[in-house]
Amino acid sequence: MKITSATFEKSAAAPQHYPQADLPEIAFAGRSNVGKSSLINTLVNRRHLVKTGSTPGKTRLINFFIINSEFCFVDLPGYGYAKVPASERKKWGSMVETYLQTRSTLKGVVLLQDIRRMPGGEEEELLDFLGHFRIPAIIVLTKADKLSKNKQIAQAKRIRQALDLEADETLCFSAKSRQGADSLWEMISRLLEPKLGVLEDR
Ligand SMILES: Nc1nc2c(ncn2[C@@H]2O[C@H](COP(=O)(O)OP(=O)(O)O)[C@@H](O)[C@H]2O)c(=O)[nH]1
Ligand SMILES: [Mg+2]
């Protein structure tokens, strides 16, 4: 994918503050520190479009980015940060669920999972939720550079078994080596395609 522009559009917690829903959208979800900001920056070839490596702040919002003036990438707030109080966690849940349920332009969700860890209840719940609302999901196993190729394959298999996934639903990825970046773009493009086709005809 040739990136001609990637710009931050806005942050929002509630639907009335989302940007206008006029571009197809892909959302990115995952545990804090899983490598979500790094993955988005890698995809769009920008080092600092999304801030990386920072402690989750107090303002945990949904961030919208416009890519090539054609589609929107959405950085959902990371979950599972131990220091976040239960009340805050509940707010996170309803903010993200509201987004996923109501965003008419949402074409799919990229769910990130650290390849070295087994998925937990949050990942299972999110996948169930997406399945229930028939929102396509791509499961990306991050920080693949931390494991040898053989271990990547073995661990990907274990994770797929735990989440009851097919082989073509997961992808090993590294922001460090760019492993998996082209394949992920292909998968994302397939989710965006119908709408992009319409835009090209205008
Ligand atoms: N080795 C390695 N480290 C990564 C990779 N992606 C992210 N990291 C590191 O993991 C930490 C969290 O990354 P970040 O993108 O901010 O995660 P986020 O909290 O999910 O947005 C940072 O220290 C990154 O440098 C990767 O592919 N490989
Ligand atoms: Mg981040």
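This passage looks at strand E6 and its neighbours, the shell around ligand 1, and two loop residues in a predicted model.

Strand E6, spanning residues 137–142, is a good place to start. Of its 6 residues, 6 are buried, so the strand is largely enclosed by the rest of the structure. In a regular strand, side chains alternate between the two faces of the sheet. For E6, that puts Ala137, Ile139 and Leu141 on one side and Ile138, Val140 and Thr142 on the other, and all of them are buried. Both faces of E6 are thus covered.

E6 has a pairing partner in strand E5, residues 106–114, and the two are joined in the parallel sense over 6 bridges. One of the pairs links Asp114 to Thr142 of E6. To get from E5 to E6, the chain passes through helix H3, residues 121–132, in a β-α-β crossover that is right-handed. Thr142 therefore turns up twice in this picture, as a buried residue of E6 and as the bridge partner of Asp114, with the enclosure of the strand as a whole resting on the burial of 6 of its 6 residues.

E6 also pairs with strand E7, residues 170–172; these strands run parallel and share 3 bridges. Here Val140 has Leu171 of E7 as its bridge partner, and Val140 is itself among the buried residues of E6. The connection again involves a helix: E6, helix H4 (residues 149–163) and E7 form a β-α-β unit, and this one is right-handed.

Turning to the ligand, 18 residues lie around ligand 1, and those that come nearest are Gly35, Lys36, Ser37, Ser38 and Thr52. Helix H1, residues 36–43, supplies the largest share of this shell, with 3 residues. Sorted by class, the shell holds 11 polar, 5 charged and 2 nonpolar residues.

Finally, a couple of backbone oddities deserve a mention. Asn45, which sits in the loop between H1 and strand E3 (62–67), has a phi near 55 degrees, a positive value in a residue other than glycine. With 13 other C-beta atoms within 10 Å, Asn45 is partly exposed. Ser69 likewise has a positive phi, near 55 degrees, and it too is a residue other than glycine. Ser69 belongs to the loop between E3 and strand E4 (71–75). Its surroundings hold 10 other C-beta atoms within 10 Å, so Ser69 counts as exposed.

Terms used: Residues numbered from 1 in each chain as written. Chains lettered and ligands numbered in written order. Predicted model: local features only at pLDDT ≥ 70, side-chain atom pairs only at ≥ 80, totals over all residues. Near = placed C-beta within 6 Å. Helix = DSSP H or I, 4+ residues; strand = E, 2+ residues; numbered from the N terminus. Nonpolar A, V, L, I, M, F, W, Y, C, P; charged D, E, K, R; others polar. Buried ≥ 20, exposed ≤ 12 C-beta atoms within 10 Å, placed from the backbone. Pairing = 2+ DSSP bridges. Right-handed = clockwise from strand over helix to strand, strands pointing away.
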